[in-house]
Each structure stands twice: as structure tokens, then as C-alpha cells.
Protein chains: 2
Amino acid sequence: MSDRSEVSVAAPDGVVTAVKGGPSSRCHSCGVRHVTICGVVDDTVLKAVESISRTIGVEQGETLFVEGDPVTAVYNITRGIVRLSKMLPDGRRQITGFLFPGDFVGLGARMAYGYTAEAMTAACLCRFEKPRLDKLMREHREIEDQLLALMEKEVDLAQERMLLLGRKTAAEKVASFLMSLSERFDGAETFPVAMTRADIADYLGLTLETVSRTLSAFQRDGLISLERAHMIRLLDRTRLEDMTGT
Amino acid sequence: MSDRSEVSVAAPDGVVTAVKGGPSSRCHSCGVRHVTICGVVDDTVLKAVESISRTIGVEQGETLFVEGDPVTAVYNITRGIVRLSKMLPDGRRQITGFLFPGDFVGLGARMAYGYTAEAMTAACLCRFEKPRLDKLMREHREIEDQLLALMEKEVDLAQERMLLLGRKTAAEKVASFLMSLSERFDGAETFPVAMTRADIADYLGLTLETVSRTLSAFQRDGLISLERAHMIRLLDRTRLEDMTGT
DNA sequence: CGTGCCTTTGACAAGTATCAACCCAAGTGG
DNA sequence: CCACTTGGGTTGATACTTGTCAAAGGCACG
């Protein structure tokens, strides 16, 4: 555990995600040794991080916390997909992010969580109690820096999303979504879409019908191939890239 | 300067914004003593911050930096309003934020700025060279904590905005905008709207015509009174609040 | 082999965008 | 001092994208 280990994590859909560096621990529910904090840290820090983290398994659909809950913990995903969302009182929902293995859940929450986090698939998470993590951050500057960097990336992504939500057309939104998903799978040509059309719609600020129609249109135009509803193959990356509007 | 001073900052439109605590310095362009970093810090830190900040004045319309520029500095606004925006290649624009006195510009940018920052009004800014600020953050933990807290708030706001952009109707967007603007002016009943209809539209993901129509409709319904195009009076806060959808 | 959830597709409605005309106030220059 | 210009802002007519409602198909799971 002292070297910069490379650990492979089984994604829920069978695809394997490789993550480099960082501490890891054995998942109680699936037994796989998972990465818990990304980035390379020295041995002492690694041990410290491991000492305050506890790996937990959650079932599909399980809620980690709800918008407004007092902040008790931060999680790092080792397996599965987590959905972050905000709701309006009348039930309209905006999904603010899909988180994958390696991503943090709850970073940057101070008093209360600003969104709800749910496991979209069975998942394994490293749980860090907030007070212990705060203490660790104070003791190990490298960790604070890591988390700060992660938050900066998050802010950046959020702004990109605002541009998408506010100014892109339905087709551009869906194309952007497909391209970014593909990136998550290492630029693979064919990849699984773990979320339902309704989830995609709530992520892109559309209706599920519009998402479905747009995907069908992409298929008609030879941009993609819907192998199955949840398995997509990109046929013409270049043209799809052009359609993102970016 | 050793006590926790309260400093009043003249906003561009004549309204006075009070900000408590933090270091301050005299603005070269307007001569007013401005707050430069919010939050309370001790004497040593205060002096250190002051030593690396330089107050600058910018004219209306001036660009601080453009999306993609390498990050050289972070700014704190002491006077005026700054507009942050992202553009699509074809010219569509999304304004990601309007920043007021006390707000930071460029926090959380690592290598390149992710958005363009322009002064919407004549403005005064405290400029912190990035390397010197980073050094100071490393030396004074309190500062890093302050900035971290600010970033957390930013993430929260960004997510609230996603909900607005993705799921709210035009009327709800405009109502939300008015309520949050009113907050900025301490809940005042009548307050200036410094931005044009086009700016508001690009902020809310609408067209300027829709913004104009919605404001007119609000006036017809007795919710607001458009004293002038850029001066709004809230007539029925309760009903307006209900219209925000939140 | 039903039952239920998700997806697709169609017909239609509605909300916004687009295009265009006009207004108003503030400069600007003859 | 007044015509002219210019940069918003408002309003109307119309188009179009996207949402809504509804029905039917497919796939997984008990």
C-alpha cells in the first residue's frame, strides 16, 4: 500500500474504470479494493485518510442524504453511480450531476446539503465523517489542497452546465451529454447509459419525450446507434461533436 | 486598522452597501477606503493581505479577463458591478453571475479562467496576483479557509441557478431574479437594476423580449412598478415570492 | 407468461423565440 | 438650439421548438 497503486474498479455496468494513485480500502460489500481519494499522497497521509474512512455499500435507489439535511459526512464513490438533484416544491426536478467512481459526494457542503444524493445503482462508497475529515484537512495540507482543486473543477463544470441549460437547444444538449458520457468511458465508441430517459431529461432541462425523440433523430441521421435503450454506439463522433454547439 | 472596522462602500448607483470586517485599502480612483477581503482576520493577516493587494479602477465596459486567459490574478470588488459570462462560438451568451462589492472575481480558477469578466459599471477592484495570493494562503490558514468557504457558497449558488435555468418558467425566472436582486439591496422595496434587458435575458436563459414582456406583465398585475426602465419597486413581495416557484 | 416500468411515437398545445416596428432618452454636431 | 443618431426598451404578429397528453411496444422479473 505504500506505492502508487493503480486500482481497477468494477463499474455497475461491467465496464472497468481505472483510477491511479490515492489510498484504497477493501469494500465490505463487494470485497474489491477501491480507491478512496484520488491524487497521489505520501504514506503517512494515506494511512491517515484510510484510518478515518469507512467503506459502505448501498442498494440501488438508496438515498444518501436529502437536500436540507445537516452535513454529517462526505463520500467518495468506489463503485456505482450517484445522482445529485434539487427539487421544486411542485415536483419539478433538476439533476445537478451524475457522479461516478472516483467522484466525491458532498464536498463543499457547509451546514446543510444543498441537494439530494441517491444511488442510481448498487454502489460502494467511502464515508468520511465531516468532523474527522475537517480535522484531517487541518493536519494535512495536501488533502485540503486536493479537495480545493476538486471544488474548483466542480465550479467549472457547473458553469459549463449553466451555458448548456440556458443557451443550448435540445439537440445540442443531448449531443453534449453523449460526448461527455463517452469521455467518462475513456472515449469508448460503445458505452452503457445507466440512467433512464427521465434522468437524462432532468439533467438537461428537457422532457423525457424530447430526449427520446432526439436520440431517435440522431439514430435516423446516422450519428449514433441505439444498440439497446441503455447501450449507445457513437457512429460519427465528428458530426456529433459539431452538434454540441461548443 | 487593527479593530474590526465596518466600512461603507458607495455602490455605482448611489446605494450604500455596508460590509463588515476584513482589511481595506484606499481606492486610487475614488479615494474611498474599501473592504478587500470579507470576514474577520487578525492584525498580522490583515497587514499581509493588504501588502499583496493593489487597488485598481476600471471603466465601464472594460474587460478584466477573457474565458481561456491564463490565470494571473484574483479580484475583490469594492465598487461597481462585474459581469461573468461564457459564450458559444456562434455568439450565444450565458451570464453566469453578476458580482457586487464584496464579491470575488476569479476565485477557483486554476490554469485558465473559465469565463469572461467585464465591468458593467465603472468599478474599483482589489487585485491579488495569483502567485502571491497562493503563497499567502499557504502561510495563513485562515485565508484559505475564507476562500474555501466562499467557493462553497459559489457552488451552492451555481446549483440553485441550474434549477432555475433548467426547470423554471420565464415568469418564475424573472420573479426569482427580482427577489435575489432585492436581497442584494438589503431587501429594499425600490432598487436600481443596473443591467440591461439583454443582460438579464442572458443571465436567465431567455430573450430580452421575453424579459421585457414579463416585467410588463408583472406591472400590469400589480406585482411591481417600473418607475423607470432601470428602477423597480416591488409592490407585492408575497405574491412575487410565490411566483418564484421555489 | 403476466405485470410493471421504461421507451417510443404521434397528435396537439403552449411557451418562447424571432422578426419587425416604434418609442424614448441621451448624446452629438451642425 | 435643434435635427440626427444611437442604444436601449416595449409591443405586436407569427413561427417554431419543446412540452403535454395519450397510446402502444419492449424488456425484465417474478
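# A predicted two-chain model and its interface

Gly108(B) is buried, at a relative accessible area of 10%. The model is predicted, and this glycine is a handy way into it. Gly108(B) sits in the loop between β10 (104–105) and β11 (116–119) of chain B. Beyond its neighbours within four places in sequence, Gly108(B) is in contact with Glu152(A) and Met151(B). One of these partners belongs to chain A and the other to chain B. Gly108(B) also lies 8.9 Å from Leu148(B), C-alpha to C-alpha, with their positions 40 residues apart in sequence.

Now step back to the two chains. A turn of 180 degrees, with a shift of 0.0 Å along the axis, lays chain B on chain A with an RMSD of 0.1 Å. The two copies are thus related as by a two-fold rotation axis. How do the copies meet? Of the interface residues of chain B, 100% are also interface residues in chain A, so the copies meet through the same surface. Chain B brings 42 residues to the contact, and chain A brings 42 residues.

Next, the area. The size of an interface is often given as the accessible area lost when the parts come together. Between chain B and chain A about 3900 Å² is buried, and carbon and sulfur atoms give 56% of this area. Which three residues of chain B supply more than any other three? They are Arg141(B), Met162(B) and Arg167(B), with 19% of the area that chain B buries against chain A.

Polar links cross the interface too. The count is 22 residue pairs in polar contact between chain B and chain A. Five elements each give two or more residues to the side of chain B that touches chain A: β8 (82–87), β9 (93–99), α2 (130–139), α3 (141–167) and α5 (197–204). α3(B) gives the most, with 19 residues. By class, this side of chain B has 15 nonpolar, 10 polar and 17 charged residues.

Helix α3 of chain A offers a residue to follow. Gln159(A) lies in that helix, residues 141–167. Gln159(A) is buried, with a relative accessible area of 5%. Leaving out residues up to four places away in sequence, Gln159(A) touches Lys86(B), Thr96(B), Tyr115(B) and Glu154(B).

Charge pairs come next. The structure holds 36 salt bridges over all chains, and 10 salt bridges are found across the interface of chain B and chain A. One salt bridge joins Glu160(B) to Lys86(A), with the closest N and O atoms 3.1 Å apart. Another joins Glu172(A) to Arg92(B), at 2.7 Å between the closest N and O atoms. That pair crosses from helix α4 (residues 170–184) of chain A to the loop between β8 and β9 of chain B. Glu172(A) is buried, at 12% relative accessible area, whereas Arg92(B) counts as partly exposed, at 22%. There is also a network of salt bridges that links Arg83(A), Arg93(A), Glu118(A), Asp199(A), Asp202(A) and Arg167(B).

Other salt bridges stay inside chain B. Lys135(B) pairs with Glu139(B), the closest N and O atoms being 3.2 Å apart. Both lie in helix α2 of chain B, four residues apart, about one turn of the helix. Lys135(B) is partly exposed, at 47%, and Glu139(B) is partly exposed, at 47%. Arg233(B) pairs with Glu189(B), with 3.1 Å between the closest N and O atoms. This pair links distant parts of the chain: Arg233(B) is in strand β15 (residues 231–234), and Glu189(B), 44 residues away, is in the loop between α4 (170–184) and β13 (190–192).

Turn to chain A as a whole. Chain A has seven helices and 15 strands. Of its 246 residues, 54% are buried. Among contacts in chain A with a separation of 6 or more, 66% join residues 24 or more positions apart.

Two helices of chain A close the tour. Helix α5 (residues 197–204) is mostly covered, with seven of its eight residues buried. Among the buried residues are Asp199(A) and Asp202(A), both of which belong to the salt-bridge network. Just after α5(A), Gly205(A) takes a positive phi of about 70 degrees. Thr214(A) is in helix α6 (residues 208–220). Thr214(A) counts as buried, at 10% relative accessibility. A polar atom of the Thr214(A) side chain lies 2.6 Å from the backbone oxygen of Thr210(A). Thr214(A) also touches Ala170(A), Ala171(A) and Val174(A), residues up to four places away in sequence not being counted.

Conventions. Residues numbered from 1 in each chain as written. Chains lettered and ligands numbered in written order. Predicted model: local features only at pLDDT ≥ 70, side-chain atom pairs only at ≥ 80, totals over all residues. Heavy atoms only, no water. Least-squares fit on C-alpha atoms with pLDDT ≥ 70 in both. Contact = heavy atoms within 4.5 Å. Buried area = accessible area lost by both parts, 1.4 Å probe. Salt bridge = Lys/Arg side-chain N within 4 Å of Asp/Glu carboxyl O. Polar contact = N/O pair within 3.5 Å; in protein donor to acceptor, adjacent residues only side chain to side chain. Nonpolar A, V, L, I, M, F, W, Y, C, P; charged D, E, K, R; others polar. Buried < 20%, exposed > 50% of the residue type's maximum accessible area, 1.4 Å probe, protein only.
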